[in-house]
Amino acid sequence: MQSSLSSSDSSGSTQLPNKFAEAKALAAHYLKDNISGLQTIAEHSNQTTQQYITKQAESIAELIDELVQCAKSGLGKAELENKLKRTIAAQLKRRSPSGRYSGKTDAEMFDSAVRFLKWLCPGSDSTFSTTNEKHIYPCFVELINFVAELVVRPPLDQQPASSDEQPQRLVRSYNMTDVKPDNAEGGYRVDMALKCDALNYNSLNNDDGYDENSFQISEEDLKANGIWNDDRPNYPCIFAVVEVKSDSSDAKMQDGFSQLIEHSKGVYRNQHNRRFIWGLVSGGPNVKACVLGPNFLLASRFMDMTTAEGQLELIGFLVNWSFCELSKLGYDPTVRFNREYRCLTIDMADSREPGLAQTTYYLHRTLVFAERVFGRHTRCFVVGEQPLSSDKDCDTSANILIKDAWPEVSGSAEDDMRDESKLLERVSKGLAGRSEFEGLYPKFLSGGCMQIQNARGEGVEDTTRTVLGETVWAQLGELPLRAHMRIAMSGVGDPLESVQSIPELVVVIYDVMRCHMGIIKHCHILHRDISEGNVLVRRDETGVHGMLIDFDHAIHLTKKGYAMCTEGAGTVPFRSVNNLEDKPTKRTALDDWESIIYILCWLGTFGWNSDTQPSDSMSNWKIEWWDGYNVKMIAEAKRDHMDSSRNFTGITKEFNPSIPHIAALKNIVKGLRAVLIDDHKESDMTGAMIIRDRIPKDDSNNVFSGYDFKMRPDPFVERAAHWKSISESLLAKLEIYADRARAHM
C-alpha cells in the first residue's frame with residue numbers, strides 16, 4: 001500500500017482511504033470516548049512529587065495564558081511584539097536567572113510563541129485557517145516544543161529537592177510533519193510525532209549524570225543504519241503519534257483514531273519494550289489525548305486550545321510525561337537498550353517467588369513481532385546469557401526462548417488457571433523422561449506475571465487495570481482483564497516459513513500432532529490454537545522436526561479427554577467450527593485436528609514463504625471465507641466446505657499448482673478430512689452440516705396437513721464423543737504420510 005495516509009485536498013482536510021476500513025472497524029469496536037481522568041495514568045506514584053509536577057504545569061499554563069491575553073489585547077503589531085518579548089523574557093528570567101537551562105534563546109522562544117498563538121487565538125492572523133490541517137501542524141509543533149523548554153527549568157529559580165523532582169526527559173515534537181516515518185514498511189504518512197529526549201544533568205547543573213534514554217535505540221545505531229534524522233519521525237523512537245483533522249466532527253475524529261491505530265502498528269513492531277501507546281488527535285483547536293492498549297482505545301474529553309482550561313489540560317499531559325516513571329509512558333523498564341553491546345537486554349525472574357534475583361538475558365534475534373495494535377501483543381525472542389558476538393548475525397547455540405504477551409486472565413493473574421507458564425510447566429513435567437517427545441515442545445524454565453516497580457519501590461502486577469489505575473478502570477465496565485506475562489523456555493525453532501518443501505512440511509506437522517496427542521495423554525491439556533504461527537521448525541543431525549509452541553489458549557481436560565466451554569479460541573482462519581460458533585459443546589482433540597486440515601489448505605493455497613506464494617493475484621477465493629470478523633459466516637462456510645468430498649474439492653482445486661508435490665498435499669488433506677468427517681458407521685457422525693429432515697404429518701390422506709421438521713444431531717458434537725478413536729486414526733494416517741514424505745526429502 002503505497003499511497004499517502006494524509007492525502008490532502010485543497011483546503012487541507014484529509015480523506016481517509018478505503019484501505020483503512022480495517023482500522024476504522026477496530027476503532028469503532030475498541031474506542032471508549034470521553035474518559036475523564038485519563039491524565040492520572042501518567043501521574044507520578046509519589047504524591048509529593050506529583051504536587052510539584054502539577055505546580056509546574058500550572059506555572060507554564062499561566063505564562064501561555066498571559067501570552068494569549070497579550071495577543072487578544074488589540075495592540076498594534078510593533079507594540080504587541082514588544083509586549084510579547086518582554087513577557088517571555090521576564091518569565092524566563094524569573095524561572096532561571098542564569099539563563100543556561102534552555103536550549104533556546106529568548107528570541108527563539110518569541111518566534112515559537114508567535115506561531116502557536118495563531119492557533120490558540122483564532123482570528124489574530126487573517127492568513128491562518130483553523131480548518132486547514134497544514135496550518136495547524138507548525139502551531140502544534142511549536143506549542144509542544146515551547147512547553148518542553150519551560151519544563152526543563154526549575155520554577156522560581158529553586159533547585160529540585162530530590163531526583164524525583166527533576167524532569168526525566170523532554171517530550172518534544174519532531175519538526176517534520178505530514179511525512180512517512182523512517183523505518184516504515186508501508187507508505188503511510190504521519191501528521192506529527194512526539195519523541196522523548198534524554199536529559200543529562202551533569203551538563204545542566206553539575207549533578208550526577210543521568211541518561212534515562214536506555215529504553216530507546218541509540219541515535220548512533222540509527223545513524224549507522226542510515227535511518228536517523230533528528231527532525232524526521234522514526235518508529236524505533238516515536239513516543240506518541242499525533243493526528244490532526246480539520247474539525248472535530250465525529251467522522252473526522254473517527255478518521256483520526258483510525259490513523260492512530262495504523263501508525264501504532266509500526267511503533268509496536270519496532271519497540272519491543274512497548275506496553276501501551278499514547279497519542280493525540282486534534283480536530284481543529286479541540287484535542288483529545290488517547291491511550292492504546294491490548295484491548296482498549298481510550299480517548300479523553302476535548303481539550304479546547306482556545307481556552308485556558310483546555311491549554312492547562314494539554315500542558316498537564318506534557319509535563320507529566322516529562323516527570324513520570326518510565327512505565328507510565330508505556331515502556332517496560334525490564335527491557336532496556338545496552339549501549340555497550342548495542343542490543344536489548346531482557347530481565348526474567350529466577351523463580352515464581354517474589355523478591356528473588358533476576359537473570360538478564362541478551363537479545364540475539366526476534367522470532368515474533370508484536371504487529372497488531374489489539375490482542376495479546378505476543379513477542380518471541382531468542383536470547384543468550386552472553387551478548388551476541390559482533391562478528392555473528394546469530395548464535396546457533398542460543399537455546400533459550402522468551403515469550404512476552406498480554407493474555408486475558410480470569411480473576412487475578414496469580415490465580416488464573418489459564419496461566420500459560422503454569423500450563424507449560426505442567427507439560428514439561430508430564431513429558432519429562434519421554435524421549436519420543438524430546439525437542440517437540442519448549443521446556444519451561446521460569447516466568448509468570450510481570451511486576452512493575454513504582455517510585456516507592458513497590459512491585460505491582462503489570463495488568464491493564466494497574467496500567468490504567470482505578471479512576472479510569474472504573475469507567476470501562478466489563479472490560480476483560482489482561483496481564484503482562486513473560487516466560488523463559490528452552491528449545492528454539494525457526495518459523496514455519498523456513499520449511500523447504502511439502503515433504504518437510506508433512507514431517508513437521510506429523511511431529512507437532514504426535515506431540516499434541518502426547519500432551520493430551522500424559523498432561524491432560526488441550527492446545528486449542530493450532531496455527532501456522534504456533535508451529536516451529538527444528539533441524540538437527542537427524543533431520544527436520546516440528547515443534548508445538550504457544551499454550552496461551554490451552555485448557556485442562558477431564559479424565560475423559562474433553563473440556564466444556566463456550567468461548568472461541570484460536571487463530572480465526574484455522575479455528576474449528578465449535579470454536580467459531582461458541583456453543584456449549586465439548587472441546588476435544590478433534591477441534592485441533594480440524595485446525596490442522598485448515599492450515600494445510602491455507603498453505604497449499606497461499607504458500608508459506610515468498611517461494612511458494614501464488615504468482616497471480618486472484619479474487620473470490622473460496623478459502624477467503626475462512627477469515628474475517630463475522631465468525632458466524634466463517635463457521636457456515638467451513639461447514640459447507642467440509643460437508644462432502646465434492647464440496648471440499650472446491651477448496652483443494654485452488655491450491656497453487658506451481659508448488660512441487662502439491663498433488664500429494666491435496667491427497668493428504670482429502671485423506672485427513674475423510675477420516676475426520678466421512679469414515680464413520682453412524683450416519684449422525686458423518687458430514688458437517690446440520691440437516692433438517694421433512695416428515696409428513698400423521699394424516700397422510702389430508703394433502704393440506706403439511707409436514708413437520710426434525711433437526712438431525714450436529715455431526716461435530718456426535719464425533720466429539722468418539723474423539724479418542726478418531727484421533728488415533730488421524731495420527732496413524734498422518735504417520736503413513738510422513739513416512740512417505742521422508743523418502744522424498
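A cavity is, on a 1 Å grid over the protein atoms alone, a set of points where a 1.4 Å probe fits but cannot get out, and its lining residues have an atom within 4 Å of a point. Grid points are joined across faces, edges and corners, and a volume is the space filled by probe spheres set on the points.

The structure is a predicted model, in which local features need pLDDT of at least 70 and side-chain atom pairs count only at pLDDT 80 or more, while totals for chains, interfaces and linings use all residues. Residues are numbered from 1 along each chain as its sequence is written, and side-chain values use heavy atoms, with hydrogens and water left out.

**Exercise 1. Describe the largest cavity and the residues that line it.**

Step 1. A search of the whole structure yields 5 cavities of 30 Å³ or more. The largest cavity holds about 80 Å³ of space.

Step 2. Its lining consists of Asn578, Lys586, Thr588, Leu590, Asp591, Glu594, Leu676, Phe716, Arg719 and Ala720. Two or more of the lining residues come from each of helix H14 (589-606) and helix H18 (715-720). Helices (H or I, at least four residues) and strands (E, at least two) are DSSP runs, numbered from the N terminus.

Step 3. Sorted by class, the lining has 4 nonpolar, 2 polar and 4 charged residues. Here Ala, Val, Leu, Ile, Met, Phe, Trp, Tyr, Cys and Pro count as nonpolar, Asp, Glu, Lys and Arg as charged, and the others, Gly among them, as polar.

**Exercise 2. Establish the strand order of the open sheet of 7 strands and identify what lies across it.**

Step 1. Two strands pair if DSSP finds at least two bridges between them. The order is E9-E10-E11-E12-E13-E17-E14, and the pairing is antiparallel.

Step 2. Strand E9 (335-338) and strand E14 (443-449) each have a single partner strand, so one side of each lacks a neighbour in the sheet. From one strand to the next, the twist averages 35°.

Step 3. At the E9 edge, 4 bridges join E9 to strand E10 (residues 343-349), with Asn338 opposite Cys343. These two strands form a hairpin with 4 residues between them, and Arg342 in the turn has a positive phi of about 55°.

Step 4. Further along, 5 bridges connect strand E12 (residues 379-384) with strand E13 (residues 400-405); Val383 has Ile400 as its bridge partner.

Step 5. Helix H10 (residues 420-431) lies across E13, E14 and strand E17 (485-490), at about 160° to E14. Axes are lines fitted to C-alpha atoms, for helices over the stretch in contact (heavy atoms within 4.5 Å), and angles run from 0 to 180 degrees between N-to-C directions.

**Exercise 3. Classify the ring pair of Phe574 and Trp602.**

Step 1. Rings of Phe, Tyr and Trp (its six-membered ring) pair if their centres lie within 6.5 Å; planes under 30 degrees apart count as stacked, over 60 as edge-to-face and the rest as tilted. The count by this rule is 14 aromatic pairs.

Step 2. The ring centres of Phe574 and Trp602 are 5.8 Å apart and the planes stand at 85°, so the pair is edge-to-face.

Step 3. Phe574 belongs to the loop between strand E23 (563-565) and helix H13 (577-581), and Trp602 to helix H14, so the pair ties together parts 28 residues apart in sequence.

Conventions
1 Å grid on protein atoms, 1.4 Å probe; cavity = no way out; pocket = protein on both sides within 12 Å on 5 of 7 lines; lining within 4 Å.
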